[in-house]
Amino acid sequence: MLNLGYFLDSLKAAVSYIPQNLFMSLMTLLICCVLGTLAAMARVYQVPVIKPICDFLLALLKALPQNLVLLIVYLVFTITFSPIMAFLGVKANIQNVDMVYVAIAALSISSLAGVSEVIRAGLLSVGKGQYEAGYTVGLTAGQTFFHIILPQTIRAVIPPLTNSILSLVKATSLVSVIGVMDIMNGAIVAANTYYSYIEAYVAAALVFWVLGIIIEIASRKVEIHFSRSVKQLA
Amino acid sequence: MPVLEVKNLRKVFGENVILKSVDMQVSKGDVIVILGPSGSGKTTLLRCLNLLETPNDGEMNLCGKDYNLKKVTGKEKLEIRRKTSFVFQNYNLFVNKTVLQNVTLGLTLARKVKKEEAEKDGRDLLDRVGLTGKYDYYPAQLSGGMQQRVGIARAMAVNPEVVLFDEPTSALDPELVGDVLNVMKEFAKSGTTMVVVTHEMGFAREVANKVVFMADGVIVEQGEPHEIFDNPKEERTKAFLNRITNGSSGKEA
């Protein structure tokens, strides 16, 4: 039923886009972790004004489907790019902009709420006593946060964050709606000549499957590193 | 001249007045035990002394420097906390740090002491509290009694003017209480200034040079241990001591 030759063509094409997908995933993860941590901190530490804004924005973002966000961001970008560049006095042609960055912006917007919630749960898992202990030995709030609270938060968020990373990697298969190539689209394009779509889908699935396993294993390793202070539960 | 003095300390949580104008003096080398029924404000008083709770009103003099507790700045908080230290009822050791790191962090990070120097002091202190060889353990690998002794070593490491103890033995199994009290006694004998909230009457009698009895957010009576225990003047003190000494364990909280 499967034609091995077509399958290998699609697989080759899919594999050639792994770096593109990983680049989009990693950049998105980085942006989500930084912004998500700041938003989570604002919410956990009840920062006036910023907390309600974060509450509202994250609730809004959470509700939107990812491909819809991609389309909206794409349209907003294409409409506003030239006027904004003109306003800034920068000479830039929209044709020269790599749409990958638009995809990263859109993926970041749609994944931010999830990642931020995971980090918020991690922050909440560290008891008040850990902060107080830091203060009583004379640490500043910043020192207490970076040396005591953050390492414990990281340990707590790795398992749920792994889920978020997997969702993110899978979401990169949606970017074809704004014309960005990725693993899945690469496999499909290779199949267009002979209509060998079954082979293409299986090839794409195989690549995502292998990526997923690698991410799981890496996450396990990182978790073990951060859990050395905690007794292994039987 | 006292090391630590507070005047007119007031603390309110919502509608509840927890501390109503408390005055207290701690001199160098004092071991002061604060007694009192549950809800009398003992722990809140202790937590106000190093600003884990911010008082609503009051003045403090610590090592000759005056602080207005009503509007204490972040910098002043840090200053006060670096001259005091605190032992928690539930230890609150840094769970992501080893025993030795728990003890040295206040030195290396907050006071910029060299790592080797801090570690040497840290090991000496851990030896003194009977934890030789446990330097590289994590808190989760220790019993409650050991964790509390680490907590005491951590509090002593920063060379504080006053060490505040908040019911240091209340969370421990009865057979572990003795070790912790012995460690505290040893530090008391070597001249450490301490303020201790506890229900351990034996410790209060034997080690304290001043006992403070609190009820309903005020200091009802204070004096030397034998005055308070053998000859209490106030009705509320008498009633409390009766209940404590008639109770089987004397640890009713």
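A crossing of two helices is called right-handed if the near helix is turned clockwise from the far one by less than a right angle, and left-handed if anticlockwise. Keep that handy for this predicted model.

**Exercise 1. Work out how helices α2 and α5 of chain A pack.**

Step 1: get the lie of the land. Chain A has nine helices and zero strands, and its C-alpha atoms fill a box of roughly 70 × 55 × 30 Å along the principal axes.

Step 2: take the two numbers you need. Two packed helices are described by the angle between their axes and the distance between the axes. For α2 (residues 18–44) and α5 (residues 99–124) of chain A, the axes come within 6 Å and cross at roughly 45 degrees.

Step 3: classify the angle. Oblique covers what is left after under 35, over 145 and 65 to 115 degrees are set aside, so α2(A) and α5(A) are oblique to each other.

Step 4: apply the opening definition. The crossing of α2(A) and α5(A) comes out right-handed. Sorted by class, their contact holds 21 nonpolar, seven polar and three charged residues.

**Exercise 2. Describe the interface of chains A and B.**

Step 1: count. On chain B, 27 residues are in contact with 20 residues of chain A.

Step 2: look at area. The two chains bury about 2000 Å² between them, with 59% of it on carbon and sulfur atoms. B:Phe94, B:Asn96 and B:Leu109 supply 25% of what chain B buries against chain A, more than any other three residues.

Step 3: check for salt bridges, with 4 Å as the cut-off. The rule finds one across this interface: B:Arg47 pairs with A:Glu132, their closest N and O atoms being 2.5 Å apart.

Methods. Residues numbered from 1 in each chain as written. Chains lettered and ligands numbered in written order. Predicted model: local features only at pLDDT ≥ 70, side-chain atom pairs only at ≥ 80, totals over all residues. Heavy atoms only, no water. Axes fitted to C-alpha atoms, helices over the stretch in contact; angles between N-to-C directions. Helix = DSSP H or I, 4+ residues; strand = E, 2+ residues; numbered from the N terminus. Nonpolar A, V, L, I, M, F, W, Y, C, P; charged D, E, K, R; others polar. Contact = heavy atoms within 4.5 Å. Buried area = accessible area lost by both parts, 1.4 Å probe. Salt bridge = Lys/Arg side-chain N within 4 Å of Asp/Glu carboxyl O.
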